[in-house]
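Me: I have a model open at the bench and would like to understand the words used to describe it. Could you take me through them?

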Amino acid sequence: MEIFSSYNVIIEASIIVILSFWFNGLAKKTNVPSVLMLILLGILIKIGLDIFAPRTPDFEGSLEILGTVGLIMIVLEAALELELKKEKLIPILKSMAIALIGLVGSAWVAALILYQFIDGMTMQSAWLYATPLSILSSAIIIPSVGGLADAKKEFHIYESTFSDIFGIMMFYFLTGGLNPAEDGGVVGFSINLLLTIVIAVVASYAIILIFQRIKSQAKLFLLIAVLLLLYALGKKMHLSSLIIILIFGLIVKNIKLFFPGKTAIFLEEEKMKHIYHDLHIITLETAFIVRTFFFVIFGITIVLSSLLSLKVALISILIIASIYLIRWGILRVFIGKDILPQLFIAPRGLITVLLFYAIPAQAKIPGFESGILLFVIIATSLVMTWAMIKDKRKMGTLLDEIDQEILARNEAEDALNEQLQKEEIETTEPKGIEEKTNAEKPIQGPLDANDETIPE
């Protein structure tokens, strides 16, 4: 039987999507990230392919395309949920600072570890390998923090989104250093960033003004195609293309903020509401599909033997320990004592894998084991799972205590009301008896014998 025939591929892909949907529901109940289940599914598929299909296609080429599209959809999805208000300026800036300092600090320590323990590793290559390992995974974090308090949920959305953007910008800044002809230094990077922001703002306004006037119902995938085109062209021009996606999403979400006063005449508010709603749904659905196949294929491409190396385990444990130590220090400075479960919500995922496969050939080190990547992704995801389950139990215990307190208070109030009613009955009872007695007494006076007693 041909495993990769057209109908079999359709059946297999459909089953994977159905399982991924089930994994999402299971993740909400257990707090185990669906990403881990998808990677495990990929590993099981790999074992099955090794048994039944000795000649398997090369899946690694598809990872970069899937990862890029998934990255765009994930950032757009996050941007469409970020509401810009004056009262949220400080939380946004704080999240931005935490993401940037955490990224640079973690990458610096991880680079030192890789440089010391991996043969042939140069410091320049160490930074390139360390950067993907230092980026938070919004693909894992955003779907996982829905049950947290609003303030903590927003913090994680902001932080993971900024970590994605800063991490990608830092990675391509470092790759630019490999080619002196293209390396513009800090000044060149700053000009590049400013140019990207200008292009992003102009392109976003143009897209909104054009698309709100398109009457066709089938225009949202056209919009996605335009965004993908802008991203790809930006990469060709060595721009920080992800900022274009982020700014577009922010403008669509906060449309009234970006069309103030008299400029609102250019805005068809009702149509923009429909565009925002439909775009949000398509973004969610597309991100779900892309994320599903990305992590399954990643699981298929994993070399499991690398996980059995003691050297891989040692390097991975040192990097993981440095991640949480640096994060603890940053959160204590910026947030204070209330840093749980935020401290342990620092998983690595899609962007880590995507950037790892994007490391230029001249910077690749043969001695680097891909098992380090898998080890860090799995360990940080499991730590996040443990923290979320613990926080959920804590919240459940707290709610139980509140319920018990309310129940005790209600019982006390009922007992008090019952006592007051008894006292009121005892107070009013003699008066009632006396009135009844007086009512039964005959009126004293000269009445005929045949007259009936007239009550008062």
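**Asking how each word is earned**

Reply: Gladly, and Arg348 is a good place to begin: Arg348 lies in the loop between helix H13 (310-334) and helix H14 (350-357). This is a predicted model, in which local features need pLDDT of at least 70 and side-chain atom pairs count only at pLDDT 80 or more, while totals for chains, interfaces and linings use all residues. Residues are numbered from 1 along each chain as its sequence is written, and side-chain values use heavy atoms, with hydrogens and water left out.

Me: What makes a stretch a helix with a number, such as H13 or H14?

Reply: Helices are DSSP runs of H or I with at least four residues, strands are runs of E with at least two, and numbering starts from the N terminus.

Me: How do you know that Arg348 has no salt bridge?

Reply: A salt bridge needs a side-chain nitrogen of Lys or Arg within 4 Å of a carboxyl oxygen of Asp or Glu. For Arg348, the nearest side chain of opposite charge is Glu159, 7.9 Å away, and Arg348 is buried as well. For the charges, Lys and Arg count as positive and Asp and Glu as negative, with His and the chain ends not counted.

Me: Which backbone oxygens does the side chain of Arg348 reach?

Reply: The side chain reaches the backbone oxygen of Leu133 at 2.7 Å and that of Ser134 at 3.3 Å. A polar contact is a pair of N or O atoms within 3.5 Å; within protein, one must be able to donate a hydrogen and the other to accept it, and residues adjacent in sequence count only if both atoms are side-chain atoms.

Me: How many salt bridges does a search of the whole structure find?

Reply: The search finds 2. In one of them, Asp338 pairs with Lys152, with the closest N and O atoms 3.4 Å apart. Asp338 lies in the loop between H13 and H14 and Lys152 in helix H7 (residues 150-176), so this pair ties together parts that are 186 residues apart in sequence. Glu159 and Arg327 also meet in a salt bridge, at 2.6 Å from N to O. Here Glu159 lies in helix H7 and Arg327 in helix H13, so the pair ties together parts that are 168 residues apart in sequence.

Me: Why is Lys152 called buried, and what is Asp338 called?

Reply: Buried means under 20% relative accessible area, exposed means over 50%, and partly exposed is in between (1.4 Å probe, protein chains only). Lys152 has 19% relative accessibility, so Lys152 counts as buried. Asp338 has a relative accessible area of 47%, and is therefore partly exposed. In the other pair, Glu159 is buried at 1% and Arg327 is buried at 8%.

Me: What makes H4 oblique to H5?

Reply: The axes of helix H4 (residues 89-117) and helix H5 (residues 123-133) come within 8 Å and cross at roughly 125 degrees. That angle makes H4 oblique to H5. Angles under 35 degrees count as roughly parallel, over 145 as roughly antiparallel, 65 to 115 as roughly perpendicular, and the rest as oblique. The axes are lines fitted to C-alpha atoms, for helices over the stretch in contact, with angles running from 0 to 180 degrees between N-to-C directions.

Me: Why are H12 and H14 called oblique too?

Reply: Helix H12 (residues 269-301) and H14 have axes that come within 11 Å and cross at roughly 55 degrees; H12 and H14 are therefore oblique to each other.

Me: What is the handedness of the crossing of H4 and H5, and of H12 and H14?

Reply: H4 and H5 cross in a right-handed way, whereas H12 passes H14 in a left-handed crossing. A crossing is left-handed if the near helix is turned anticlockwise from the far one by less than a right angle, and right-handed if clockwise.

Me: Which peptide bond is cis, and what is its omega?

Reply: The bond from Leu340 to Pro341 is cis, with omega near 0 degrees. Pro341 lies in the loop between H13 and H14. Leu148 and Pro341 are 193 residues apart in sequence and 9.2 Å apart in space, C-alpha to C-alpha. Leu148 counts as buried, at 9% relative accessibility.
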